[in-house]
Every structure is written in structure tokens, then in C-alpha cells.
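Trainee: Please take me closely through one part of this model, beginning with a single pair of residues and working outward. I should like each step to rest on the residues themselves.

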Amino acid sequence: MGSICTSKEVEREIPTFVRIYKDGTVERLSGTPYVPPCLEDPKTGVASKDITIREDPLIQARLFLPKLEPVHEQPEKLPVLVYYHGGFCIDSAFSLVEHQYLTTLVAEAKILAVSVEHRLAPECPIPTIYDDCWEALQWVASHLVDGGATAKEPWLADHGDFHRFFIGGDSSGANIAHNVFMRAGHDTILGGIKISNAYLTHPYFWGSEPIGSEPKTDHDKVIPHVLWTFLYPTAKDGIDSPMVNPFATGAPSLAGLACERLLVSVAEKDLMRDKRVEVLRGGEGEWV
């Protein structure tokens, strides 16, 4: 069969990420396929299911529960992880790579995980994505509060240990987690819940001034810079918005982060490695 011709014109795009057409439609060029939840993963025994946090605009999540031994008189309580997937503009909590990662993590760590399905840019502005993820966090926390969630999710109500409450994310999801726990430093989480620990896997941070091994020329033409300005062209201070540059002028101090411990992991040859290491260092010292 021959290819189907189309008269749709491209308005702008970032190759391998996203393409926007003049009629307003968006085509995503990356990401892994959708996979359904499973009440018992054949390899790990982990159960997963999809739930709706808010109907309009839609926020969903995929919940993961490890296989539990039926020996407890009372429901076994587990640490709770709220997780944000990578890709401001691509991928999903329901994608193959995220599902497999959370299934493995939940089985090995024996935790209850809530993988948030937030809206995507460019249809949804990046600050609104942060609001979606904050609302999802509050919804999870509401299960500790009498009269909280209108219809409490049984897995969270029965098995959630909200004294062991974690958040995490990968890539842009780690950027979201950073913005969420910084917000938790001044906005109260329902029930007075405190974030025990957080982890950021290869977080998406950048800035206008190159540090370490970052390219000294055409610094504004590499993907971390181009992607942010493409998805959020109206950001105040652009790539030096505190949302993406934790050490920009006016950014809140990391001393105010709302968790006891923070783990940041970086890859040796990643282009964004040095900005991530800067977070670990707290912004102190000089790069050579």
C-alpha cells in the first residue's frame, strides 16, 4: 500500500521529540508503547491498576502494589512513593518503560507506588503540569485525612504508611519532583504529611551560563536549552527560570527543600551531568 498524503503544514518541531502543525495538532515522535495494568505481573507478582484523580482536566495515575503474604491480621503497611515520569512533552505513566521500571522497583523495595499521569506540554503549559503533580500529591496525602478523598482508593487507605512518604522522578519528572518538594517547603501537604526522602534520577536542569564540561559555544543550541524554550517560550527569565535552573537569581534556597534526605543520580557522559552535580554540591565552589 502506498503512503497517505497529507496537506498538514508543520509550524515548528524538535526532531525526535515533538512536532506542532499549523492546525494546532501535536505529533509526538518519541516514547514507548502503552501497556495495560496487570493484577498480577507474571515475573514479580506486582499488581497494578489505573485510577482517576481528577476528571476535568484529567489527571490519572497507575498504582503498583507488591505481592503481599497473607499472614497479617491487619493490612500490611508499606512506604508510599509518588512518582513522576520523564518527558514534559512525551511518554506516559502508562508506557512500557515506566511500567516496567515501577514494577521492578515496587517488587524489590516492597513499596506502594503512585505513578502520576499528568497532562503534557505543549498543549498544557509547564507550570500547569507542576500544578497537576502537586494536586496528585495532595490527593495521595488526603487518604490520611478523615473526610479527605471523596472515594478513598483501597490500596492507599489499607496499605499506605504515610510516615514513610517519598517522591521521585526521572529526567523532566525529576525536575517536577524538585519543584514539588520545593513547593512543599512553604505550602502544607494535607494531613501535615512530611516528605521523608526524595530522589531525582538524571534531573532536567539547565541554565544560560555553561559550567564544567558543558559547551562554551552555542550553549543555547543544545537540546536542554532548545527543548525548554520550545515548550515554554513565555517563561520569565527563560532558561534561567528557577523552575529549570535551581541556582538562578531569585531561586528559592535548597536549604528550604521539604525532605529529610535527597538522592540525585547522574550519568557519567550525560550532557546535563554537571548541572546535576551542582545540585548535589548545593551550588558551592568553582568549576574548572
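**From a strand pair to its surroundings**

Mentor: Ala47 stands opposite Leu65, a residue of strand E5. Please bear in mind throughout that this is a predicted model. The two strands involved, E4 and E5, pair in the antiparallel sense, and seven bridges join them. They form a hairpin, with four residues between one strand and the other.

The hairpin leads us to helix H1, which spans residues 96-109. The buried residues of H1 pack against strand E4 (47-54) and strand E5 (59-65), and also against strand E6 (78-84), strand E7 (112-117) and strand E8 (160-170). Those buried residues are Glu98, His99, Leu102, Thr103 and Val106. They cover an arc of only 130° around the axis and are therefore on the same side of H1. As for its length, H1 has 14 residues and reaches 20 Å from its first C-alpha to its last, close to the 20 Å expected at 1.5 Å a residue. The helix is followed by Lys110, whose phi is positive, near 55°.

A second sheet deserves comparable attention. It is an open sheet of three strands in the order E1-E2-E3, and the pairing is antiparallel. Strand E1 (10-14) and strand E3 (26-28) stand at its edges with a single partner strand each, so one side of each has no neighbour in the sheet. Averaged over this sheet, and with direction ignored, neighbouring strands are turned by 15° against each other. Strand E2 (residues 18-21) is joined to E3 by three bridges, and Arg19 has Glu27 as its bridge partner in E3.

Helix H5 (residues 223-231) lies across E1 and E2, and runs at about 145° to E1. One residue of H5 to examine is Phe230. Its relative accessible area is 9%, and because the cut-off for buried is under 20%, Phe230 counts as buried. Residues up to four places away in sequence aside, Phe230 touches Arg12, Glu13, Ile14, Val18 and Ile20. Of these, Arg12, Glu13 and Ile14 fall within the range of strand E1, whereas Val18 and Ile20 fall within that of strand E2.

Phe230 also gives a reference point for distance: Leu190 is 40 residues from Phe230 in sequence, and the C-alpha atoms of the two are 34 Å apart in space. Leu190 in turn brings us to Gln138, which touches Thr188, Ile189 and Leu190 when residues up to four places away in sequence are not counted. Gln138 has its place in helix H2 (residues 126-141). With a relative accessibility of 15%, Gln138 counts as buried.

The last residue on this route is Asn179, in helix H4 (residues 172-183). Asn179 likewise counts as buried, because its relative accessibility is 17% and the limit is under 20%. Leaving aside neighbours within four places in sequence, Asn179 is in contact with Tyr130 and Met243. Tyr130 falls within the range of helix H2. As for Met243, the side chain of Asn179 reaches the backbone oxygen of that residue at 3.1 Å.

Terms used
Residues are numbered from 1 along each chain as its sequence is written. This is a predicted model: local features need pLDDT of at least 70, side-chain atom pairs count only at pLDDT 80 or more; totals for chains, interfaces and linings use all residues. Side-chain values use heavy atoms; hydrogens and water are left out. Buried means under 20% relative accessible area, exposed over 50%, partly exposed in between (1.4 Å probe, protein chains only). A polar contact is a pair of N or O atoms within 3.5 Å; within protein, one must be able to donate a hydrogen and the other to accept it, and residues adjacent in sequence count only if both atoms are side-chain atoms. Contact means heavy atoms within 4.5 Å. Two strands pair if DSSP finds at least two bridges between them. Axes are lines fitted to C-alpha atoms, for helices over the stretch in contact, and angles run from 0 to 180 degrees between N-to-C directions. The expected span of a helix is 1.5 Å times one less than its number of residues. The arc is that of the directions from the helix axis to the C-beta atoms.
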